[in-house]
Amino acid sequence: MRRPPRGRTRAIRRLALAALLVPALALAALAAIVVGCALTARAHLESALPLAASIQSALLVGDADQVEEDAEAFVEATGDAVHALDNPVWRLASRVPLLGENLRAITTTVAVAHGIGEGAVLPAGDIDLEAFKPSGGRLDVAAVAETAPVIEVADATLHKAADIMADIDTDALLGPIAASVDQLRSELERVSEITSALTIAAEILPDAMGQDEPRTYLLMFPNNAELRTQGGNPTAFAIMEIDDGRIAIRAEVGAIGGIPVFPERVGEFDDDELGVFPDLGLSMASITRTPDFPTTARAAQEMWERTFGLRVDGVLSVDPVALSYVLGATGPLALDGGGQLSADNVVDRVLSDVYVEYPDGASQDAYFTAISSLVFVAVSSGQGSFVDLVAAFGRAAEEHRLMFWASRPDEQGVIELTPLTGADDGTESEATAFDFYLNDYTATKLGYYLDATLDVGASRCQAVDTVFELSGELVSSVDPDAVLPGALSSPVAPPGVILTRAMIVGPPGAEFVEARIDGKRVPTESVVEWEGRAAVVLDLPLNPGESVEFSSRFEGDGLDYPDLDVRTTPMVRETPMRVYDAYC
């Protein structure tokens, strides 16, 4: 067999090497272009990030010029990032298996950022957040209405962006790219919550603040020192009158003494509620035993009309702890008799000190009413920064210390989309609802000296069922040797004894197993049904300085339960809670 000439062999080898090198070099060149595009887009996005923070800060302080300047720079930077990826090489690489999924995720993220810039960031210069803050006793409802369309567009843009980002499968992405996607998702969730709240506020405020006709609202101040399911016994009231945004607050001193015990029930309560709380609707002191604030508000509206002849347009409930949050935003307020009312002392003043300084109930209620009304006057006059006030009201609403009900169905429908509703929606909750409610039966104000701790858990380690547990401890800080003021004496219990009834409502679909008090099993007579859920009622009397432990178990059907969500009675102090969800 003849060999090819040596020169020809070398030529063949060179051709073969070229055949291998050319595609390799082409792929390397393409890879370099793709990497270069990604790095360029990343650099533009990174330059946009500090602008986003600057826009938010300028928006909050009302610096429209800075917002406009930064917004234009943000749109330009994100537009440059989009342009960096708009080429045939990037599009071709996006079709390559495995690699393509990552490149498409980058393309989507960059496009979403630019879309946010054009649809939400750029219009932000026209948003005047100060329009949502009263000043000089008036809210400029026309300014709120003017801002509404811009906020709605921004909110729609952010929610559309969130939907697009939610469709990206991060499990198929490389770690750094998946992290970037998750980061944008989290930021979108945070900001869209703000724009959603502003959209709702802009929708409801003009009418609710008397743009077309005057409005009258009942302010109800529950006293957490005498516990009720919703927080406290409502013992202080004020009337808020609003006409075209102008706010006037009239303290209703002594109103609680004028509201009678009604011979017939006022309000509508279902059989489950009346089975546990038979006094519901017979007096103002009973209506906060239900966990459903709209039910409470409708009863309060009717009781007020029957007693004073005034039918209010809505009811706003604010407890002393919520007032402390608001005072943290407004700063201290001067009192007529000297001294200051502040975030640090308002709870002690209205839930403890008042019973030492004022011996009779009428004076105590008058003091509570005057102090609570003073805080609202400060807010309506424009004290405090917008940002701090929003944070204070938001925290109070999330803790069910601030609740609002409107008598007009269209306005109430909007309120129901917010934490302000205070509705009992445990059965319809997307999470696994677990409720813990406390009610005082001492008929005095010793709840100031009561604290609770809770442990709540779900064990999904069984073969077929989930076991739910809620346990905890009530502790009395009443000094056994102290001589309590006469205002804290109880008509039904020895001095210093606190009579508390707890109701534990298990998750939807779960069956009650057992409950114990200080290790002793409670009788089955304590088990009740609550809105289609199993519940147990526990009487937990406490001597001064003592504590009592309790526990409950429920068994679910299968393991398919979402994460736990626990609603508790808002007490004077926060209830420490440990929540565990065990999976095996």
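In the predicted model, Asp-313 and Arg-408 form a salt bridge in which the closest N and O atoms are 3.2 Å apart. Because Asp-313 lies in the loop between H9 and S4, and Arg-408 in the loop between S7 and H14, the pair ties together parts that are 95 residues apart in sequence. With a relative accessibility of 15%, Asp-313 counts as buried, whereas Arg-408, at 23%, counts as partly exposed. A further salt bridge, with an N to O distance of 2.6 Å, is made by the side chains of Arg-311 and Glu-305; here Arg-311 is partly exposed at 46% relative accessibility, and Glu-305 is likewise classed as partly exposed, at 31%.

A third pair is formed by Asp-435 and Arg-533, whose closest N and O atoms are 3.0 Å apart. This salt bridge links distant parts of the chain, since Asp-435 belongs to strand S8 (residues 432-440) and Arg-533 to strand S15, 98 residues apart. Asp-435 has a relative accessibility of 3% and counts as buried, and for Arg-533 the value is 3%, so that this residue also counts as buried. Salt bridges with shared partners additionally join Asp-319, Arg-395, Glu-399 and Arg-401 into one network. In total, the structure holds 21 salt bridges.

Not every buried charged residue takes part in such a pair. Glu-273, which is found in helix H8 (residues 271-276), is buried yet has no salt bridge, the nearest side chain of opposite charge being that of Arg-298 at 8.3 Å. That separation lies outside the 4 Å limit for a salt bridge. When residues up to four places away in sequence are not counted, Glu-273 touches Leu-280, Thr-290, Trp-530 and Glu-531.

Helix H9 (residues 293-308) comprises 16 residues, which at 1.5 Å a residue should span 22 Å, and its end C-alpha atoms are 22 Å apart, in agreement with that expectation. Its buried residues are Phe-293, Pro-294, Thr-295, Thr-296, Ala-297, Ala-299, Ala-300, Gln-301, Met-303 and Trp-304. These buried residues pack against strands S1 (215-223), S2 (233-243), S4 (314-318) and S7 (402-406), and also against helices H7 (255-258) and H14 (409-415). Just after H9, Gly-309 adopts a positive phi of about 75°.

The strands contacted by H9 belong to an open sheet of five strands with mixed pairing, arranged in the order S3-S2-S1-S4-S7. Strand S3 (246-251) and S7 are the edge strands, each of which pairs on one side only. On average, and with direction ignored, neighbouring strands of this sheet are turned by 20° against each other. H9 packs on the sheet by touching S1, S2, S4 and S7, and the direction of the helix makes about 65° with that of S7. Within the sheet, S1 and S4 run parallel and are joined by four bridges, and the bridge partner of Tyr-217 in S4 is Gly-314.

Another open sheet of five strands, again with mixed pairing, has the order S14-S15-S11-S8-S17. Its edge strands, each pairing on one side only, are S14 (527-530) and S17 (564-568), and its neighbouring strands are turned by 25° against each other on average, direction ignored. Strand S11 (residues 498-505) runs antiparallel to strand S15 (residues 533-542), to which eight bridges join it; Thr-500 has Leu-540 of S15 as its bridge partner.

Strand S16 (residues 547-555) shows an alternation of its side chains, with Val-548, Phe-550, Ser-552 and Phe-554 pointing to one face and buried, while Ser-547, Glu-549, Ser-551, Arg-553 and Glu-555 point to the other and are not buried. Such alternation between the two faces of the sheet is what a regular strand gives in general. S16 pairs in the antiparallel sense with strand S10 (residues 467-476) over nine bridges, and in this pairing Arg-553 of S16 is the bridge partner of Glu-469. The pairing of S16 with strand S12 (residues 511-517) is also antiparallel and comprises six bridges, with Ser-552 of S16 as the bridge partner of Ala-515.

Asp-344, placed in the loop between strand S6 (340-341) and helix H11 (346-357), is exposed, with a relative accessible area of 73%. The C-alpha atoms of Asp-344 and Met-240, which are 104 residues apart along the chain, are separated by 26 Å.

Technical notes. Residues are numbered from 1 along each chain as its sequence is written. This is a predicted model: local features need pLDDT of at least 70, side-chain atom pairs count only at pLDDT 80 or more; totals for chains, interfaces and linings use all residues. Side-chain values use heavy atoms; hydrogens and water are left out. Helices (H or I, at least four residues) and strands (E, at least two) are DSSP runs, numbered from the N terminus. Buried means under 20% relative accessible area, exposed over 50%, partly exposed in between (1.4 Å probe, protein chains only). Lys and Arg count as positive and Asp and Glu as negative; His and the chain ends are not counted. Contact means heavy atoms within 4.5 Å. The expected span of a helix is 1.5 Å times one less than its number of residues. Two strands pair if DSSP finds at least two bridges between them. Axes are lines fitted to C-alpha atoms, for helices over the stretch in contact, and angles run from 0 to 180 degrees between N-to-C directions.
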